[in-house]
Amino acid sequence: MTKQKKLARCLQALTILGWCGCGVLAFFVVPMMAEEAAWMEPTLAWLQWPGLICFWAVMVPVVLALWHSLKIFGEIGRDNSFCLENARRLKIISRLALGDTVVCLAGLMFLLCLGAMPPGLFLLLLAVIGMGAAMAVAAAALSHLTRKAAAIQDENDLTI
């Protein structure tokens with residue numbers, strides 16, 4: 001097995017591990033934390049289910065981005081890293097990250113307006129917003145570079 005295929009397999013394994021982590025987070029950790037928060041602050045208990053539903057909605061773009069990443073890693077394993085399809089997938093990942101960031105920012109603002117923002121949640125949402133913005137920019141830049149590399153590769157293939 002070539003180094004390229006080994007790299008692709010490792011990246012795919014990490015992606016699948018990421019999916020499992022998302023599942024554990026979405027269906028076990030966050031619901032337990034929401035239940036505990038509702039118990040500790042009864043006046044905000046009504047936010048438990050809307051909060052969980054919003055969290056699950058925010059997880060959908062993450063899972064979709066992992067799916068597109070899996071496809072990209074498959075192309076890397078086939079030694080076809082710089083193709084227009086990967087550039088398109090990276091653009092989709094960028095848009096998913098940007099959309100998720102905007103939704104988290106809206107949720108942050110909503111909770112701030114309600115006065116229902118514990119400091120820990122505020123810091124967590126700020127971190128998620130920062131990571132989402134960074135991911136959106138990085139994926140957009142990689143999409144652009146992959147598209148340019150694919151064009152150069154096509155040009156070189158026609159020359160030979």
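How many residues apart in helix H3 do Arg 89 and Glu 85 lie? The two residues are four residues apart, which corresponds to about one turn of the helix. The model described here is predicted, and this report treats its salt bridges, aromatic pairs, cysteines, selected contacts and one surface patch in turn.

## Salt bridges

The structure holds three salt bridges. They are listed below with the distance from N to O.

| Arginine | Glutamate | N to O distance |
|---|---|---|
| Arg 78 | Glu 75 | 3.0 Å |
| Arg 88 | Glu 85 | 2.3 Å |
| Arg 89 | Glu 85 | 3.8 Å |

Salt bridges with shared partners join Glu 85, Arg 88 and Arg 89 into one network. Glu 85 and Arg 88 are three residues apart in helix H3, so about one helical turn separates them. The members of this network are covered to various extents. Arg 89 has a relative accessible area of 10% and is therefore buried. Glu 85, at 31% relative accessibility, counts as partly exposed, and Arg 88, at 38%, is likewise partly exposed.

The salt bridge of Arg 78 and Glu 75 joins an exposed side to a buried one. Arg 78 counts as exposed because its relative accessibility is 57%, whereas Glu 75 is buried at 13%.

## Aromatic pairs

A search of the whole structure finds three aromatic pairs. In one of them, the ring centres of Trp 19 and Trp 67 are 6.2 Å apart and the ring planes stand at 15 degrees, so this pair is stacked. The pair links distant parts of the chain: Trp 19 belongs to helix H1 (residues 3-40) and Trp 67 to helix H2 (residues 48-77), with their positions 48 residues apart. Both tryptophans are partly exposed, Trp 19 with a relative accessible area of 24% and Trp 67 with one of 41%.

Aromatic residues also group elsewhere. Phe 27, Trp 49 and Trp 56 form one aromatic cluster.

## Cysteines

How many disulfides does the structure contain? The count comes to zero. Cys 10 is in no disulfide, and the nearest cysteine sulfur to its own, that of Cys 20, lies 16 Å away. Cys 22 is in no disulfide either; its nearest cysteine sulfur also belongs to Cys 20, at 9.3 Å. The separation of 9.3 Å may be set against the cut-off, since a disulfide requires two cysteine sulfur atoms within 2.5 Å. Cys 22 counts as buried because its relative accessibility is 11%.

## Contacts of Phe 73 and Ser 94

Two buried residues illustrate how parts of the chain that are separated in sequence touch one another.

Phe 73 is found in helix H2. Is its side chain buried or exposed? With a relative accessible area of 16%, Phe 73 is buried. Leaving aside neighbours within four places in sequence, Phe 73 is in contact with Ala 8, Leu 11, Gln 12 and Thr 15. Thr 15 stands 58 residues from Phe 73 along the chain, yet the C-alpha atoms of the two residues are separated by 9.3 Å.

Ser 94 has its place in helix H3, which covers residues 84-114. At 10% relative accessibility, Ser 94 is counted as buried. Which residues does Ser 94 touch, if those up to four places away in sequence are not counted? Its contacts are three alanines: Ala 136, Ala 139 and Ala 140.

## A nonpolar surface patch

Leu 121, Leu 124, Val 128 and Met 131 make a nonpolar surface patch of about 340 Å². One of these residues, Leu 121, lies in helix H4, which runs over residues 119-159. Leu 121 is partly exposed because its relative accessible area is 31%. That value meets the requirement for patch membership, since residues in a patch must have over 30% relative accessible area.

## Overview

Several of the features described above concern particular helices. Helix H3 holds the pairs Glu 85 with Arg 88 and Arg 89 with Glu 85, and it also contains the buried Ser 94. Helices H1 and H2 are linked by the stacked tryptophans Trp 19 and Trp 67. Helix H2 further includes Phe 73, while helix H4 contains Leu 121, one of the residues of the nonpolar patch.

How values were computed:
Residues numbered from 1 in each chain as written. Predicted model: local features only at pLDDT ≥ 70, side-chain atom pairs only at ≥ 80, totals over all residues. Heavy atoms only, no water. Patch = residues over 30% accessible without salt bridge, like charges linked within 9 Å, V, L, I, M, F, W, Y side chains within 5 Å. Areas by Shrake-Rupley, 256 points an atom, 1.4 Å probe, with all protein chains shown as cover. Salt bridge = Lys/Arg side-chain N within 4 Å of Asp/Glu carboxyl O. Buried < 20%, exposed > 50% of the residue type's maximum accessible area, 1.4 Å probe, protein only. Contact = heavy atoms within 4.5 Å. Phe/Tyr/Trp six-rings, centres within 6.5 Å; stacked < 30°, edge-to-face > 60°.
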